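Thanks for sharing this one; here are my notes, set out as numbered points. Please have the viewer open as you read.

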Amino acid sequence: MRLILLGPPGSGKGTQAQRLVHRHGIVQLSTGEMLRAAVAAGTPVGLQAKEIMANGGLVPDEVVVGIIADRIEEPDAKKGFILDGFPRTVPQAEALDELLRKKHLKLDAVVELRVNESALLARVEKRAEETRARGEEVRLDDTPEVLTKRLAQYRSLTEPLIHYYSERRKLLTVDGMMTIEHVTREINRILTALGALEPKEHEEPKRAAKRASTASKAAKKTAKKTTKKAAKSAKKAAKPARKATKGASKAVVKARGTKKAAKKAGRKAASAANARKGAKTAKKAAKKLTKKRAKR
Ligand code: AMP
């Protein structure tokens, strides 16, 4: 599965990406995380990105595209990946398309987490608080001033991606204002419906299919049994001439019963229609035999 999580800062992309990673065993590729690591390690990319990130700007396209191009080559990305924070501009999206095309890889979906901007500041403040509480260093860009800038960048440079992916029929929007659990469930539901995931947590579709198949098998069995029974009665009815009429009418009654049973089975599964057919055949057979006997 290859997926993009799209949304403004604080929309929950990172949280949802981690949950998907946990559940599906694919990697999360967060350009923000990679850039922070580069800054911390003091690599040339880190040195170039440090100032830009601290000010809430966007690191040049060629830098992030280069990072992603290298990263998706790594063995752990073979099974699939979730892109979190990339692409952030239309040229980045075009570069990603080209990268995937060259590798003959398909993008399954782009999930947009839609949130009210008014909630974002509170979320980012909460994130900073939680980070502090864990004794970790708070991100330099998780301040109200920088967040305002990051939001402005999102609106002007990243939001056009909504149109970009919707035109390519890749975009799926999820209400990011729901609880974390609800958002995860909704993403999983969408991905399962797309065929990008096997039903796992929500076994319902599988179970329903199994139930339907069991019902169909049971209905088929019932139909077979009842048809056989009716045919047997018809055969019996063909014995003595006088008894034949009786037997035949019995067979008809049985066949009627069979018809009823077949109807019931038919309600359970369409395949039970055979039962009705069988019952009719039995009824006809009984009549035919009766006539034959009666003639004799
Ligand atoms: P994030 O952790 O995704 O919020 O990213 C933190 C910061 O890293 C952003 O504000 C940007 O400065 C930089 N950054 C992350 N991803 C990208 C990207 N795809 N393009 C440009 N800059 C990025």
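1. Let me begin with a residue that is easy to overlook. Gln92 counts as buried, because its relative accessibility is 3%. Its place is in helix 5, which covers residues 90–102. What does the side chain of Gln92 pair with? The answer is Asp61: the two side chains are joined by a polar contact of 2.9 Å. Before going further, please keep in mind that this is a predicted model.

2. The surroundings of Gln92 deserve a look too. Setting aside neighbours within four places in sequence, Gln92 is in contact with Val59, Asp61, Val64, Val65, Phe86 and Pro87. One of these, Val59, also appears at the ligand: a backbone N or O atom of Val59 lies 3.1 Å from a ligand nitrogen atom.

3. Staying with the ligand, how much of its exposed area does the protein bury? On its own the ligand exposes 480 Å², and 96% of that is buried by the protein. Two further pairs are worth selecting in your viewer. A polar side-chain atom of Arg36 sits 2.9 Å from a ligand oxygen atom. A polar backbone atom of Gly57 is 2.5 Å from an oxygen atom of the ligand.

4. The shell around the ligand has 16 residues, of which Thr31, Arg36, Gly57, Gly85 and Arg88 come nearest. By type, the shell divides into six nonpolar, five polar and five charged residues. Which element gives the most to this shell? Helix 2, residues 31–41, does so with four residues.

5. Next, a companion of Gln92 in sequence. Ala93 is also placed in helix 5. Ala93 counts as buried because its relative accessibility is 0%, under the 20% cut-off. Beyond neighbours within four places in sequence, Ala93 is in contact with Pro87, Leu161, Tyr164 and Tyr165. Ala93 and Asp61 are 32 residues apart along the chain, and their C-alpha atoms are separated by 9.8 Å.

6. Pro87 has come up among the contacts of Gln92 and of Ala93, and its backbone calls for a check. The peptide bond that joins Phe86 and Pro87 is cis, with omega about -5°. Where does Pro87 lie? It is in the loop between strand 3 (81–84) and helix 5. If you prepare this model for further work, please look at that bond by eye.

7. Pro160 lies in helix 8, which covers residues 160–167. Is Pro160 buried, exposed or in between? It is partly exposed, because its relative accessible area of 32% falls between the 20% and 50% cut-offs. Not counting residues up to four places away in sequence, Pro160 touches Val90 and Arg155. Pro160 and Arg88 are 72 residues apart in sequence, with 9.2 Å between their C-alpha atoms.

8. Two backbone angles also caught my eye. His104, which is not a glycine, has a positive phi of about 55°. This residue is in the loop between helix 5 and strand 4 (109–114). His104 counts as exposed, because its relative accessibility is 73% and the cut-off is 50%. Arg169 is another residue other than glycine with a positive phi, near 55°. Arg169 is found in the loop between helix 8 and strand 5 (171–175), and it is exposed, with a relative accessible area of 79%.

9. Now for the protein as a whole. It has 12 helices and five strands. Of its 296 residues, 40% are buried. Among contacts between residues at least 6 apart in sequence, 72% join residues at least 24 apart. The protein exposes about 17800 Å², and carbon and sulfur atoms supply 55% of that.

10. Finally, a word on confidence. The mean pLDDT of the protein is 78, and 66% of its residues reach 70 or more. Which stretches have a pLDDT under 50? One is residues 211–227, for which the model has 16 contacts beyond four places in sequence. Another is residues 237–259, where the pLDDT is below 50 and the model has 26 contacts beyond near neighbours in sequence. Where pLDDT is low, the predicted coordinates should not be read in detail.

Conventions. Residues numbered from 1 in each chain as written. Predicted model: local features only at pLDDT ≥ 70, side-chain atom pairs only at ≥ 80, totals over all residues. Heavy atoms only, no water. Near = heavy atom within 4 Å. Polar contact = N/O pair within 3.5 Å; in protein donor to acceptor, adjacent residues only side chain to side chain. Areas by Shrake-Rupley, 256 points an atom, 1.4 Å probe, with all protein chains shown as cover. Nonpolar A, V, L, I, M, F, W, Y, C, P; charged D, E, K, R; others polar. pLDDT = per-residue confidence, 0-100. Contact = heavy atoms within 4.5 Å. Buried < 20%, exposed > 50% of the residue type's maximum accessible area, 1.4 Å probe, protein only.
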